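Here is a short note for a colleague who is opening this structure for the first time. Please read the points with the 3D view at hand.

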Amino acid sequence: MLRAPDMAAFRRWLRQVARVPGEQGMVPPVLTDAQEGALQALAGFFALDMGWYAAVKARQVGMTTLLLLWSLWMILNTPGFVIIWVSPHDKIAAEVLAKFRAIATGCGVKLARDNAEQSEIEGGGRIVWASIGGGVSTADVVGRAGTFRAAVLTEIAYPYDPELVEVAIHALEPALVRNRAPVFLDSTPNGKTGPGMPYFEITKRIEAGEVKGAVWLCPWWLEPSYREDAPPGMVRTPEEDRVSDRAGGLDDDQIQWRRSRTKTERDRKKFAEKYPESLLECFLDGDGASVLSGDLIEKMAAYRFPRPLLEPLGKLHAGDDPAAQTSGKSWLRVYDAPINGQKYFAGLDCASGRARDAQALCVLDWEGNVAAVGRFFLEGHRLASIVCRACSYFGAWALIEAQWSAHVVPYLRGGVRLSVPGVPQTELDVLAMVQRWRFDVEATSERSRTEIVGGAIELAEAVGVQDEALWQELRALRRNDKGRIAAGPGAWDDLVSAYGLAERLRLRNLARVGGARRQARVGERRKVGGIRRAAGR
């Protein structure tokens, strides 16, 4: 087992030996707050603890330089140490290698071997260079590297083909487990690699605790050069005061630098992408085509998503219900226990349940708050069991989109003994025991789909969003060239569809009862974490 590196010795080496390119030639590196923050927040990587470590960084904060310095120090001082560097394409790979050679020359290091494939220290270790989509696959590079001790994926938000990033990650994963090696994801975020794309998804998996590691947001204010001379008597806006508070206090020169780059709404969106201030905003495509208001985005940036009330797919099922035995991709989160006498409304987007075409369920209470939400990749009878249990639990009336409903609806009738070839009878008996509940099936047109999505957006603007996955889908919605609202590149919209269907049914019921389209939204509410909830809940 390789011992954890002595970081105190690394810092001494930086002060006494290391040199990096500067305005006055080669100069000793002085660690910035951003680089110090990475060493502390992502210490597990530098201690060689197996896991995934993501630095979601602002532009030009010196993270690549820090990692190259550490890599050079490690191969100088640790015989046999091997680290893999993976770039998103050949152009960035060439830039990284050129920077490494400049640093090595400045430090007086003579390389025994130095080419586009690897850089090796005689009697020490080596760096293996890889490029996603290059002439040699990442899997081949992993095989060539042998037993490596760490990996760096640099600027992975800027690949020529995002799918190849996922291929590279899959190529690394088995070796990471076998070698117990950590991997560092070093990249400025990019809205086009948001929800559904590999960089976004791996950071969310780390945040959710699905894989070991840590995610650290490196905001722009940690870079000392990001400042401009402020005018005398500068008056800050309330938003600038909030940003300053979030940062722990910014001076006027920093605020002026930010102000000069956020003059228009489009500028603001591009700024959030290149110079992140929160993990929620930096993955939002800055092309100006988002359909959500800036107020909602800002409000949600400060929101802390609640933990579900019930365990996913657990408490709605009695005993060893075979219908609950789903794949790891399926999940159901319940945020509220049903209140006696309260009305609930559910929307079900059936879909095929194959590949990325997910099924989705959303349950709303009378006020429009999310009571439960789930995404599934199930056979028809298993999806029916989940939906039956959830709707029976809440006593919810459901609206089901007709597309793909034929493989689900027959199982939702309840009270009948079913027989399906190849399906164990014990699994089908679950459905036969389910209490009958009311549901409607509705065929949707292009016009009604627009109304459903529009209703989802309007509800989100009115009462906020309680579920993070649903929020990410709403945030990724775009208006295309024809003016229609659709999911952004690589994003999902199944939860938005289910959310909109439930809202469509809720509004119909409100119209029947009170005749007022927004009656339930004008009553007294209180704010919880920036999201309005019904008073007394």
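**Notes on rings, cysteines and a pocket**

1. Start with the aromatic residues. The structure holds 22 aromatic pairs. Keep in mind that this is a predicted model.

2. Take one pair as an example. F45 and W70 are tilted with respect to each other, with 50° between the planes. Their ring centres lie 5.2 Å apart. This pair links distant parts of the chain. F45 belongs to helix 3 (residues 43-46), while W70 belongs to helix 4 (residues 63-77). The two residues are 25 apart in the chain.

3. Are F45 and W70 buried or exposed? F45 has 0% relative accessibility, so it counts as buried. W70 is buried too, at 0% relative accessibility. The cut-off for buried is under 20%.

4. The pair also has company. F45 and W70 belong to a cluster linked by ring pairs. The other members are F46, Y53, F81 and F184.

5. Two arginines deserve a look, each over a tryptophan ring. R333 lies over the face of W331, and the distance to the ring centre is 3.8 Å. R438 lies over the face of W397, at 4.0 Å from the ring centre.

6. Next, the cysteines. How many disulfides does the structure hold? The number is zero. C391 is a case in point: it is in no disulfide. Its nearest cysteine sulfur belongs to C388 and is 7.6 Å away. A disulfide needs the two sulfur atoms within 2.5 Å, so C391 and C388 do not qualify. C391 is buried, with a relative accessible area of 0%. C218 counts as buried as well, at 0% relative accessibility.

7. Now turn to the second largest pocket. Its volume is about 520 Å³. The lining consists of 19 residues. Which of them lie nearest the centre of the pocket? They are K57, Q60, T64, E95 and E155.

8. Where does the lining come from? Helix 4 and helix 5 (90-106) each supply at least two residues of it. Helix 5 gives the most, with four residues. Helix 4 is also the helix that holds W70 of the ring pair above.

9. What is the make-up of this lining in nonpolar, polar and charged residues? Six residues are nonpolar, seven are polar and six are charged. Among the residues nearest the centre, look for K57, E95 and E155, which count as charged by residue type.

How values were computed. Residues numbered from 1 in each chain as written. Predicted model: local features only at pLDDT ≥ 70, side-chain atom pairs only at ≥ 80, totals over all residues. Heavy atoms only, no water. Buried < 20%, exposed > 50% of the residue type's maximum accessible area, 1.4 Å probe, protein only. Phe/Tyr/Trp six-rings, centres within 6.5 Å; stacked < 30°, edge-to-face > 60°. Lys NZ or Arg CZ within 6 Å of the ring centre and 35° of its normal. 1 Å grid on protein atoms, 1.4 Å probe; cavity = no way out; pocket = protein on both sides within 12 Å on 5 of 7 lines; lining within 4 Å. Points joined across faces, edges and corners; volume = space filled by probe spheres on them.
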